[in-house]
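Biologist: Before I plan any bench work, I should like to go through this model with you. May I put some questions to you in turn?

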Amino acid sequence: AAAAAAGIAHVILRSFTAVYGAAGQNPSFLTEERPLPSSCALRWLRDKLEAEQHAASFARRYPDLRIGILRFAPLLGPGVHNFYTRLLDHRVVPVVMGYDPLVQMLHPDDALAAVDLARERRARGAFNVVPTAPITLATALHTAAKIPVPVPHPIAYPAADLLWAAGLSDAPGGFIDYARYLFVA
């Protein structure tokens with residue numbers, strides 16, 4: 001609303017491919033046309049979904065204002081500090097036993113190039129910004145010289161929640177789904 005009131009003609013919203021949710025029933029590749037989940041237990045993800053819903057609603061009410069939504073794969077590169085980089089800071093990385101999902105990691109330079117392109121072309125709508133080829137989680141860990149420690153999924157969720165509640169983990173148990181299921185765009 002502030003952008004429209006100020007006469008700004010184009011807004012770019014940063015979002016994440018995580019908004020699709022990680023689920024066993026997800027297709028191999030999620031496209032921009034895939035409906036986003038209506039709700040989520042993870043507060044972080046709920047906030048991202050709500051921001052996208054507000055942007056889409058505003059775009060319908062004010063069609064003269066171009067709103068582009070860039071859904072980035074998780075960023076990984078120099079100077080990036082997020083859940084994934086904190087997880088990869090450890091030599092030993094817990095993984096969900098029996099699962100090896102495809103993952104996508106985007107270099108920050110590629111993310112900035114996408115923002116520049118969206119700005120130049122005055123992008124409207126949602127766009128997935130992802131690397132061309134995903135890799136398996138096991139390959140990513142091997143490439144990063146990490147030691148995977150398999151944890152049975154019935155134990156992983158409550159253990160992660162306990163560690164989160166104690167302030168000893170970077171994320172609650174709901175994030176286990178992102179190490180178990182696909183959310184590849």
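**Helices, overall form and selected residues**

Biologist: What span, from its first C-alpha to its last, does helix 6 (residues 153–165) reach?

Modeller: This is a predicted model. Helix 6 has 13 residues, and at 1.5 Å a residue a span of 18 Å is expected. The span in the model is close to that expectation, at 19 Å.

Biologist: Which residue takes a positive phi just after helix 6?

Modeller: The place in question follows directly on helix 6. The phi there is about 75°, and the residue is Gly167.

Biologist: In what order do the elements of the protein chain run from the N terminus on?

Modeller: The protein chain has 6 helices and 7 strands. Read from the N terminus on, their order is α-β-α-β-α-β-β-α-β-β-α-β-α.

Biologist: What is the radius of gyration of the protein chain, and how does it stand against that of a compact globule?

Modeller: The C-alpha atoms fill a box of roughly 55 × 30 × 30 Å along the principal axes. For 185 residues, a compact globule would have a radius of gyration near 16 Å. The value for the protein chain agrees with this, at 18 Å.

Biologist: What share of the contacts with a separation of 6 or more comes from residues 24 or more positions apart?

Modeller: A contact here requires heavy atoms within 4.5 Å. Among contacts in the protein chain with a separation of 6 or more, the share from residues 24 or more positions apart is 81%.

Biologist: How much of the exposed area do carbon and sulfur atoms supply?

Modeller: Buried residues make up 36% of the 185 residues. The protein chain exposes about 10,600 Å². Of this area, carbon and sulfur atoms supply 60%.

Biologist: How far apart do the centres of the positive and negative side chains lie?

Modeller: The protein chain has 17 positive and 15 negative side chains. The centres of these two sets are separated by 4 Å.

Biologist: Why is Ala113 classed as partly exposed?

Modeller: Ala113 is found in helix 4 (residues 108–120). The class of partly exposed lies between the cut-offs of 20% and 50% relative accessible area. Ala113 falls in that class because its relative accessible area is 42%.

Biologist: With which residues is Lys48 in contact, leaving aside its neighbours within four places in sequence?

Modeller: Lys48 has its place in helix 2 (residues 43–61). Lys48 is partly exposed, with a relative accessible area of 23%. Once the neighbours within four places are left aside, the contacts of Lys48 are Phe16 and Val19.

Notes:
Residues numbered from 1 in each chain as written. Predicted model: local features only at pLDDT ≥ 70, side-chain atom pairs only at ≥ 80, totals over all residues. Heavy atoms only, no water. Helix = DSSP H or I, 4+ residues; strand = E, 2+ residues; numbered from the N terminus. Rg over C-alpha atoms; globule rule 2.2 N^0.38 Å. Buried < 20%, exposed > 50% of the residue type's maximum accessible area, 1.4 Å probe, protein only. Areas by Shrake-Rupley, 256 points an atom, 1.4 Å probe, with all protein chains shown as cover. Lys, Arg positive; Asp, Glu negative; His and termini not counted. Charge placed at Lys NZ, Arg CZ, Asp CG, Glu CD. Expected span 1.5 Å × (residues − 1).
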